Amino acid sequence: IGIAPFAAHIAKTYPLKSMEKVIQILLSRHPSCRIFLFGNIKGEERRCLDKWVEKYPPCINASASLLNLSNELILISHLDVMVSMDSANMHLASLVNTPVVSIWGATHPYAGFMGWGQNYDNVVQLDMPCRPCSIYGNKSCFRGDYACLNDILPKTIADHIDINLQKKK
């Protein structure tokens, strides 16, 4: 399982505490699974991923290995499923035909940025009258609460991942 928990904008990023709960659920359901984490190799993203790796031994910080793009694509091509925001990692996984459970907040897949060849059944989003509030996710939440992301339950994401894992059996 690959998890890319970051995006360029807060309006496209699932809360990290909730993503950590997704990891906890996955490890309780699948104790022998490996989770590869993708993100920036420095800064706050790196610190977050390193913390998760320390806390959850089945997690591997794929970004820390300093893979070049070709090798990162090879790794992604061997995943059973990738979890990603509306971000570059969704598109990288799409390039190598890896199914993506994509999480959408301020943006919406109907705006034309869905991963190429991805299944709409793998989209996790909340239907809200204020969505999409941004085509690119670069605008602040006018409600101020980012409910479009904060109200998505970690179990919902884990259930979508499990559906993809069942398909691989």
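Start with the contacts across the whole protein chain. Count those between residues at least 6 apart in sequence: 60% of them join residues at least 24 apart. Contact here means heavy atoms within 4.5 Å. The model is a predicted one: local features need pLDDT of at least 70, side-chain atom pairs count only at pLDDT 80 or more, and totals for chains, interfaces and linings use all residues. Residues are numbered from 1 along each chain as its sequence is written, and side-chain values use heavy atoms, with hydrogens and water left out.

**The whole chain**

Switch to cartoon. The protein chain shows six helices and six strands. Helices (H or I, at least four residues) and strands (E, at least two) are DSSP runs, numbered from the N terminus. Follow the order from the N terminus: β-α-β-α-β-α-β-α-β-β-α-α.

Next, the overall dimensions. The C-alpha trace spans about 40 × 30 × 30 Å along its principal axes. The radius of gyration is 15 Å, which agrees with the value near 15 Å for a compact globule of 169 residues. That radius is taken over C-alpha atoms, and the globule rule is 2.2 Å times the number of residues to the power 0.38.

Now show the surface. About 8700 Å² is exposed, and carbon and sulfur atoms supply 56% of it. Accessible areas come from the Shrake-Rupley method with a 1.4 Å probe; for residues, only the protein chains shown count as cover. Of the 169 residues, 51% are buried. Buried means under 20% relative accessible area, exposed over 50%, and partly exposed in between (1.4 Å probe, protein chains only).

Colour by charge. There are 17 positive and 14 negative side chains, and the centres of the two sets lie 1 Å apart. Lys and Arg count as positive and Asp and Glu as negative; His and the chain ends are not counted. Each charge is placed at NZ of Lys, CZ of Arg, CG of Asp or CD of Glu.

**Stop 1: A7**

Select A7, in the loop between β1 (2–4) and α1 (16–29). A7 counts as buried, at 19% relative accessibility. Show its surroundings. Beyond its neighbours within four places in sequence, A7 is in contact with K12, T13, M85, D86 and S87. Then add G39. Its C-alpha atom is separated from that of A7 by 8.9 Å, with the two positions 32 residues apart along the chain.

**Stop 2: helix α4 and N97**

Select residues 88–95, helix α4. Its buried residues are N89, M90, L92, A93 and S94. Display what they pack against: β1, α3 (69–77), β4 (82–85) and β5.

Step on to N97, in the loop between α4 and β5. N97 is not a glycine, yet its phi is positive, about 60°. N97 is exposed, at 67% relative accessibility.

**Stop 3: P57**

Move to P57, in the loop between α2 (43–55) and β3 (59–61). P57 is exposed, with a relative accessible area of 65%. Add L27: the C-alpha atoms of P57 and L27 are separated by 10.0 Å, and the residues are 30 apart along the chain.

**Stop 4: the aromatic pairs**

Show the rings. The structure holds two aromatic pairs. The rings of Y110 and Y120 have centres 5.4 Å apart and planes at 20°, so this pair is stacked. Both Y110 and Y120 lie in the loop between β5 (100–103) and β6 (123–124), so the pair ties together parts ten residues apart in sequence. Y110 is exposed, at 66% relative accessible area. Y120 is partly exposed, at 36%.

The rings of F113 and Y136 have centres 5.8 Å apart and planes at 55°, so this pair is tilted. F113 is in the loop between β5 and β6 and Y136 in the loop between β6 and α5 (147–150), so the pair ties together parts 23 residues apart in sequence. F113 is partly exposed, at 31%, while Y136 is exposed, at 52%.

The cut-offs: rings of Phe, Tyr and Trp (its six-membered ring) pair if their centres lie within 6.5 Å; planes under 30 degrees apart count as stacked, over 60 as edge-to-face and the rest as tilted.

**Stop 5: the loop between β6 and α5**

Select P132, in the loop between β6 and α5. The peptide bond from R131 to P132 is cis, with omega near -10°. End at Y146, which also lies in the loop between β6 and α5. Y146 has a positive phi of about 45° although it is not a glycine. Y146 is buried, with a relative accessible area of 18%.
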